[in-house]
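Welcome, and please take a moment to turn the model around before reading on. The paragraphs below will walk you through it step by step.

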Amino acid sequence: MRSQCFKQIIKLFICCIVVSSSAFCQSRVVDLWNGKVPGAIPKEDYKQIVDSAYWIKIRYVSNPTIQVYPAASDNNTGTAVVVCPGGGYYGLSFVGEGTEVAKWLNELGITAVVLHYRLPDDAIMENKSIAPLQDGQEAIRIVRRNAKKWGVDPNKIGIMGFSAGGHLASTVSTHFDEKVYEPKDSTSARPDFSLLIYPVVSMDTVITHGGSRENLLGKNPSQELVKHFSNALQISPKTPRAFMIHSMDDSTVPVENSIEYALALKKNNIPCELHIYEHGGHGYGLGKKNSGTESTWTNACEKWLKANGFLNTVKN
């Protein structure tokens with residue numbers, strides 16, 4: 001009886017999320033690959049689920065999608081952000097690091113594009129280490145191809161990631177030119193900026209998040225693979241500018257991940273703003289329910305977006 005009651009509560013919670021989502025804007029779901037997922041291994045019994053154990057998350061994603069939340073026409077800045085929820089490459093924290101983030105971005109006049117990317121799994125992928133990158137690149141390309149239709153400036157498309165989603169966002173930001181699938185046209189997959197929120201950046205065992213590393217690269221990856229996906233080592237002069245936050249007491253993803261990325265950007269003369277908070281730990285999303293200084297990061301991010309010209313309202 002208790003189990004059935006818990007399941008009903010979860011279903012009600014998810015229903016409320018859906019209703020709330022439809023209330024703040026008219027969203028649309030776009031199939032990322034139209035059934036032709038690159039490097040996919042067919043597996044009929046592999047079904048996407050919403051898992052409520054420990055935290056509510058999406059798991060077993062085999063058909064990735066983007067959920068597009070357009071900015072209101074009277075508050076449209078022309079900026080779009082592809083949002084990558086975190087979850088250790090094990091699940092997608094699609095509420096606190098997805099739907100809620102989309103609402104906040106809409107309030108700023110930004111079109112939010114929440115990416116439900118594939119989670120690395122040898123059972124359905126020929127090469128699990130590149131599957132999230134494939135999805136991230138294609139998400140940027142889809143937004144850029146549809147920029148005019150969606151009221152987006154093709155030169156104001158950013159990517160945002162939380163935790164392991166931050167690793168994906170920084171991977172797209174540093175590997176956007178890497179040919180990991182055959183794109184249908186020459187549309188660029190380069191983000192114009194990145195927002196990295198307590199991100200995993202390195203795959204080095206000294207500072208990485210062990211679960212994210214193992215899920216993406218396997219138990220015993222080669223040093224070459226580790227270096228390839230340690231994104232601070234992959235920064236070039238073409239890497240987009242970044243806004244980053246982290247907490248000093250983050251025991252899940254050490255703060256050194258953000259520090260290394262910021263210093264590598266500085267070395268390449270790429271604009272970067274990094275906020276390090278004394279407290280906050282890990283996984284606090286927008287931080288609105290917290291009383292610490294980390295709960296103000298959205299204000300700092302808004303000011304950074306404005307200072308860099310991403311919040312100028314489009315004139316109709």
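What follows is a short tour of this predicted model, going from the sheet to the cores, then to a pocket and a few loop residues.

Let us begin with the sheet. It is an open one built from 8 strands, and their order across it is 1-4-6-5-7-8-9-10. The pairing is mixed. If you look for the edges, you will find strand 1 (28-31) and strand 10 (272-277), each of which pairs on one side only. From one strand to the next, the twist averages 15°.

Now pick out two strands within that order. Strand 7 (residues 157-162) and strand 8 (residues 193-197) run parallel and are joined by 5 bridges. Here Met160 stands opposite Leu195 in strand 8. Keep Leu195 in mind, as this residue will come up again.

Helices lie across the strands, and two of them are good to trace. Helix 4 (residues 164-174) lies across strand 5 (80-84), strand 6 (111-116), strand 7 and strand 8, and it runs at about 145° to strand 7. Helix 7 (residues 256-267) lies across strand 8, strand 9 (241-247) and strand 10, running at about 155° to strand 9. Strand 8 is thus crossed by helix 4 and also by helix 7.

Next, look inside. In soluble globular proteins, nonpolar side chains tend to be buried together. In this model, the largest nonpolar core has 55 residues. Those with the most contacts inside it are Ile66, Val82, Leu115, Tyr117, Val143, Trp150 and Tyr261. Helix 3 (residues 131-145) gives the largest share of this core, 5 residues. There is also a second, separate core of 29 residues, which includes Tyr69, Val83, Val114 and Leu195. So much for the overall picture; what does Trp150 touch, not counting residues up to four places away in sequence? The residues are Arg28, Val30, Ile66, Val68, Thr111, Ile142 and Val143. Ile66 and Val143 also appear among the core residues with the most contacts.

Helix 3 returns when we turn to the second largest pocket, where about 310 Å³ of space lies. Of the 15 residues that line this pocket, the closest to its centre are Leu32, Trp33, Asn34, Glu138 and Lys184. Two elements, strand 1 and helix 3, give two or more residues to the lining. The largest share, 3 residues, comes from helix 3.

Finally, visit some loops. Pro221 is found between helix 5 (210-217) and helix 6 (223-228). Is Pro221 buried or exposed? Its relative accessibility is 14%, so Pro221 counts as buried, since the cut-off for buried is under 20%. Leaving aside neighbours within four places in sequence, Pro221 is in contact with Arg213 and Val226. Met203 is 18 residues from Pro221 in sequence, and the two are 9.8 Å apart in space, C-alpha to C-alpha.

The loop between strand 10 and helix 8 (297-307) holds Glu294, and Gly292 has its place there too. Glu294 counts as buried because its relative accessibility is 5%. Beyond residues up to four places away in sequence, Glu294 touches Ser247, Tyr277, His279, Gly280 and Tyr284. Gly292, by contrast, is partly exposed, with a relative accessible area of 25%. From Gly292 to Val255 there are 37 residues in sequence and 17 Å in space, C-alpha to C-alpha.

Technical notes:
Residues are numbered from 1 along each chain as its sequence is written. This is a predicted model: local features need pLDDT of at least 70, side-chain atom pairs count only at pLDDT 80 or more; totals for chains, interfaces and linings use all residues. Side-chain values use heavy atoms; hydrogens and water are left out. A nonpolar core is a set of buried Ala, Val, Leu, Ile, Met, Phe, Trp, Tyr and Cys residues joined through side-chain atoms within 4.5 Å. Buried means under 20% relative accessible area, exposed over 50%, partly exposed in between (1.4 Å probe, protein chains only). Helices (H or I, at least four residues) and strands (E, at least two) are DSSP runs, numbered from the N terminus. Contact means heavy atoms within 4.5 Å. Two strands pair if DSSP finds at least two bridges between them. Axes are lines fitted to C-alpha atoms, for helices over the stretch in contact, and angles run from 0 to 180 degrees between N-to-C directions. On a 1 Å grid over the protein atoms alone, a cavity is a set of points where a 1.4 Å probe fits but cannot get out, and a pocket is an open set with protein on both sides within 12 Å along at least five of seven lines; lining residues have an atom within 4 Å of a point. Grid points are joined across faces, edges and corners, and a volume is the space filled by probe spheres set on the points.
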